[in-house]
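Subject: Structure handover

Dear colleague,

I am passing this structure on to you, and below it you will find my notes on what turned up. Please read them with the model open beside you.

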Amino acid sequence: MARKRTSTAEDLVDVIALLPWWVGCTLALVSYVLLHRVATQKIVANITPGHVSDLMFQSVWMGLTTAGQYLVPLLCLFGAVVSAYGRHRRKILVTNVASSKSADALNGISWQEFEILVGEAFRLQGYQVSETGGAGADGGVDLVLRKGTEKFFVQCKQWKAFTVGVKIVRELYGVMAANGAAGGFVVTSGSFTDDAKAFASGRNIELMDGPVLMKLIKQAKVDRPVAGKQPLMQTMAARPRAVVQPLCPICSKPMVRRTAKQGRNAGSAFWGCIDFPACRGTRQAN
């Protein structure tokens with residue numbers, strides 16, 4: 001569960017922490033130079049009728065920039081420290097897990113560490129990773145991956161006795177369709193039910209249990225420096241693409257691909273609601 005934001009300063013630190021540490025240091029320097037330049041400007045006194053509000057605005061603005069020239073760089077530097085610590089933490093976590101001889105190492109870490117570990121495993125495979133913590137408009141997705149122009153969703157389920165059922169996989173598929181994701185992953189330290197495996201089969205959803213995740217991390221740690229080596233996990237883009245059915249914008253039921261038979265769009269493909277003619281929802285087909 002993602003923690004609640006309590007202030008703008010905290011939001012700024014969180015954003016900076018997602019960037020490389022040196023970016024945070026650079027932003028601290030740039031923000032100080034810019035705000036200091038504004039803070040040291042003289043106020044133009046003009047107290048003629050109708051311009052008092054301008055003077056008040058200048059005074060307030062100067063007060064904010066005077067404080068901000070120190071506060072904003074400090075927040076940027078703090079975010080850079082958090083970023084550096086997070087990078088170090090991820091490196092140590094991956095090294096410790098990769099040195100383990102069994103998947104049992106995944107059961108001795110917290111769910112937060114499990115999400116961090118999964119994110120780092122995908123980073124080692126060349127993905128850009130955004131950690132959402134299950135918050136926002138992504139339907140509870142824990143990680144958002146990007147490679148090139150494509151987007152992928154990841155749900156993490158960490159518990160040594162946890163069995164992922166078809167409901168979780170089905171929900172991820174619905175979120176993928178609603179948000180235009182090219183594929184998705186469900187990662188667990190437990191196992192998957194047969195129904196979950198059957199539903200994922202033939203769709204752009206990869207199910208990864210503990211042993212698969214362990215093998216992925218170990219192989220990535222060993223083989224990443226070797227140029228041209230084929231990674232253990234092929235990217236979704238390299239696989240035969242299963243069609244992700246979008247959901248109807250009117251009734252949220254699955255849609256089917258159809259071809260227009262008349263009108264100016266005759267011969268063009270589009271998505272139509274499966275409940276047609278009761279529902280006439282459509283989406284443009286790519």
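In what follows, a residue is called buried when its relative accessible area is under 20%, exposed when that value is over 50%, and partly exposed in between. Please keep in mind throughout that this is a predicted model.

I begin with helix 4, where the cut-off is needed at once. Glu 120 has a relative accessible area of 16% and therefore counts as buried, whereas Arg 123, at 21%, is partly exposed. These two residues form a salt bridge, with their closest N and O atoms 3.3 Å apart, and the count of salt bridges comes to one. Both partners lie in helix 4, three residues apart, which is about one turn of the helix. Other buried residues of helix 4 include Phe 114, Ile 116, Leu 117, Val 118 and Phe 122. The length of the helix also agrees with expectation, because its 13 residues (111-123) should span 18 Å at 1.5 Å a residue, and its end C-alpha atoms are indeed 18 Å apart.

Turning to the strands, strand 5 (residues 183-188) is mostly covered, with six of its six residues buried. Gly 183, Phe 185 and Val 187 point one way from the strand, while Gly 184, Val 186 and Thr 188 point the other way. Strand 5 runs parallel to strand 3 (residues 150-157), to which six bridges join it, and Gln 155 stands opposite Val 186 there. It is also joined by four bridges to strand 7 (residues 205-208), again in parallel, and in that pairing Phe 185 stands opposite Glu 206.

Helix 4 and strand 5 come together in the largest nonpolar core, which has 28 residues, and among the members that touch the most others are Val 118, Phe 122, Phe 185 and Val 187. The elements that give two or more residues to this core include helix 3 (52-98), helix 4, strand 3, strand 5 and helix 7 (210-223). Helix 4 gives the most, with six residues.

Finally, on the surface, Leu 29, Tyr 32, Val 33 and Tyr 70 make a nonpolar patch of about 390 Å². Helix 2 (residues 21-39) gives the most to this patch, with three residues. Tyr 32 is found in helix 2, and its relative accessible area of 31% means that this residue is partly exposed.

With best wishes

Note on methods:
Residues are numbered from 1 along each chain as its sequence is written. This is a predicted model: local features need pLDDT of at least 70, side-chain atom pairs count only at pLDDT 80 or more; totals for chains, interfaces and linings use all residues. Side-chain values use heavy atoms; hydrogens and water are left out. Patches are made of residues with over 30% relative accessible area and no salt bridge: like charges are joined within 9 Å, nonpolar side chains (Val, Leu, Ile, Met, Phe, Trp, Tyr) within 5 Å. Accessible areas come from the Shrake-Rupley method with a 1.4 Å probe; for residues, only the protein chains shown count as cover. A salt bridge is a side-chain nitrogen of Lys or Arg within 4 Å of a carboxyl oxygen of Asp or Glu. Buried means under 20% relative accessible area, exposed over 50%, partly exposed in between (1.4 Å probe, protein chains only). The expected span of a helix is 1.5 Å times one less than its number of residues. Two strands pair if DSSP finds at least two bridges between them. A nonpolar core is a set of buried Ala, Val, Leu, Ile, Met, Phe, Trp, Tyr and Cys residues joined through side-chain atoms within 4.5 Å.
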